Amino acid sequence: MAGDTLTSSEYIRHHLTNLAYGNLPAGNYCDGHQVVTDAGWQLAGCGEAAKAMGFSAIHLDTMFWSVVLGVLFLYIFKKAADAATAGIPGGLQNFAEWVIEFIDQSVRGSFSSRNELVAPLSLTIFIWIFLMNLMDLVPVDVIPALSQLVGIHFMKVVPTTDPNATFGMAIGVFILVLFYSIKIKGVGGFVGELTLQPFSSSNPLVNVLFIPINFILEFVSLIAKPVSLALRLFGNMYAGEMIFILIAIMYSAGTFMGLFGGLLQLGWAIFHILIITLQAFIFMTLTIVYLDMAHHEH
Amino acid sequence: MNINLTLIGQLLTFVVFVWFTMKYVWTPITGALEERRKSIADGLAAGERGQHEQELAKERAKQVLHDAKGQASDILAQAQKRAAEIVDEAKTNARQEGDRILTAARSEIEQETNRAREQLREKVAALAIAGAEKILRKEINAEAHQDIVNSLAKEI
């Protein structure tokens, strides 16, 4: 709930601030709450301090929750994998096998080459993103309030509302796309793909003139792949989280608005179940498609 | 939107998770699935084979039953034939034996009859002679009526 001492905008800003740990230069931050005389590694007391850390900051909450959820995913599936036999499957194994068959089918549907990496990659992306998105359904104040009790002032529990998380995965996928493009087509083939299309001519001189135009077009479309992957997921989750926060503000505006807000939150949460699954699925499917494109000559 | 060290951290985490999934999750589970698929396929094939074999066995049993029935009826026919033969043989033997016994009995009867007739004739002759003697002794001279006595003896 928005505390008495917080205005709505402060409440929102508070919810959108990560728990940042980084190298903070000397200075006076957070309206005099955090005064740093010697530059050093420490927690940021507010968004302003986190910004001052620059690239050296690391979001502890994002790292923590993403690792916890990832480990949860790996633990469950490792358990299923250890129990996996050709015999009659139990409950957990059934679930894991169902998920794996679903992923396997998606990969078979969109990926036509042979690559041992793509299916496990897709499984990791789908389940991990799904779990991280799922944190969005935890009421926005529960975990921040609990962490406030143990003295942690900032806690953003949905890692996918942090562009670092989504870009981290998207860049991972992008590196794979580049790696397989070069591995399958060779450096020449990859460069050719970037420069000799979509415009081409039978006249070599005209072809040379086309090279910069082609390169600009193809390079933009190449870069757009990871950027769109990351921003789509980030945007969806950030917007969803924002709406939850806005709904939460209604709780402090009287009984009627509070009840109405509760109804809205329920509705949005139910709708959000669709979004979090869909976004995880889209990220996975586009990853498969991009990797498939990397394996094919145009 | 602060892009910072978290990006690198997330990237590394992602790589580790993918590696772990690939090595310890995906391979064993898909392996188990593949194995199960194979064992199910084997089971179905075995079931089909069993069914086929059962059909063959049924066919064979039918054949055996048919053969056995045929044999049994053959044996029965033979036995009946043999029985008829035996009866016929026995009948023939009995008839022959009967005939033989009958013939023997007849010839014996005939012999007995002849013998009895012979004895009777002798007894009557002797009786006649004795009667004649008594008569003749009383009235007539034996010598004078010798002829008559002889002719009488001859007539008997």
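**Two chains and the helices of chain A**

Chain A runs through the pattern α-β-β-β-β-α-β-α-α-α-α-α-α-α along its sequence. The model is predicted: local features need pLDDT of at least 70, side-chain atom pairs count only at pLDDT 80 or more, and totals for chains, interfaces and linings use all residues. Residues are numbered from 1 along each chain as its sequence is written, chains are lettered from A and ligands numbered from 1 in the order in which they are written, and side-chain values use heavy atoms, with hydrogens and water left out.

Me: How many helices and strands does chain A have, and what makes a run of residues count as one?
Reply: Chain A has nine helices and five strands. Helices (H or I, at least four residues) and strands (E, at least two) are DSSP runs, numbered from the N terminus.

Me: Why is the pair B:Arg36 and A:Glu97 called a salt bridge?
Reply: A salt bridge needs a side-chain nitrogen of Lys or Arg within 4 Å of a carboxyl oxygen of Asp or Glu. The closest N and O atoms of B:Arg36 and A:Glu97 are 2.8 Å apart, so the pair qualifies. The rule finds two salt bridges across the interface of chain A and chain B, and twelve over all chains.

Me: What makes A:Asp82 and A:Lys78 a salt bridge, and how are they placed in helix H3 of chain A?
Reply: Their side chains meet at 2.8 Å, N to O. Because they are four residues apart in helix H3 of chain A, about one helical turn separates them.

Me: Which element gives the most to the side of chain A that touches chain B?
Reply: The interface has nine residue pairs in polar contact, both residues at pLDDT 80 or more (N or O atoms within 3.5 Å; within protein, one able to donate a hydrogen and the other to accept it, and residues adjacent in sequence counting only if both atoms are side-chain atoms). On the side of chain A, H3(A) gives the most, with twelve residues.

Me: How do you know that the length of H8(A) agrees with its residue count?
Reply: The expected span is 1.5 Å times one less than the number of residues. For the 47 residues of H8(A) that is 69 Å, and the end C-alpha atoms are 66 Å apart, which agrees. Helix H9 of chain A, with 41 residues, reaches 56 Å, close to the 60 Å expected.

Me: Where do H8(A) and H9(A) have kinks?
Reply: The bend at a residue is the angle between axes fitted to the seven residues ending there and the seven starting there. H8(A) has a kink of about 35° at A:Phe210, shortly before A:Pro212. In H9(A) a kink of about 25° is centred on A:His272.
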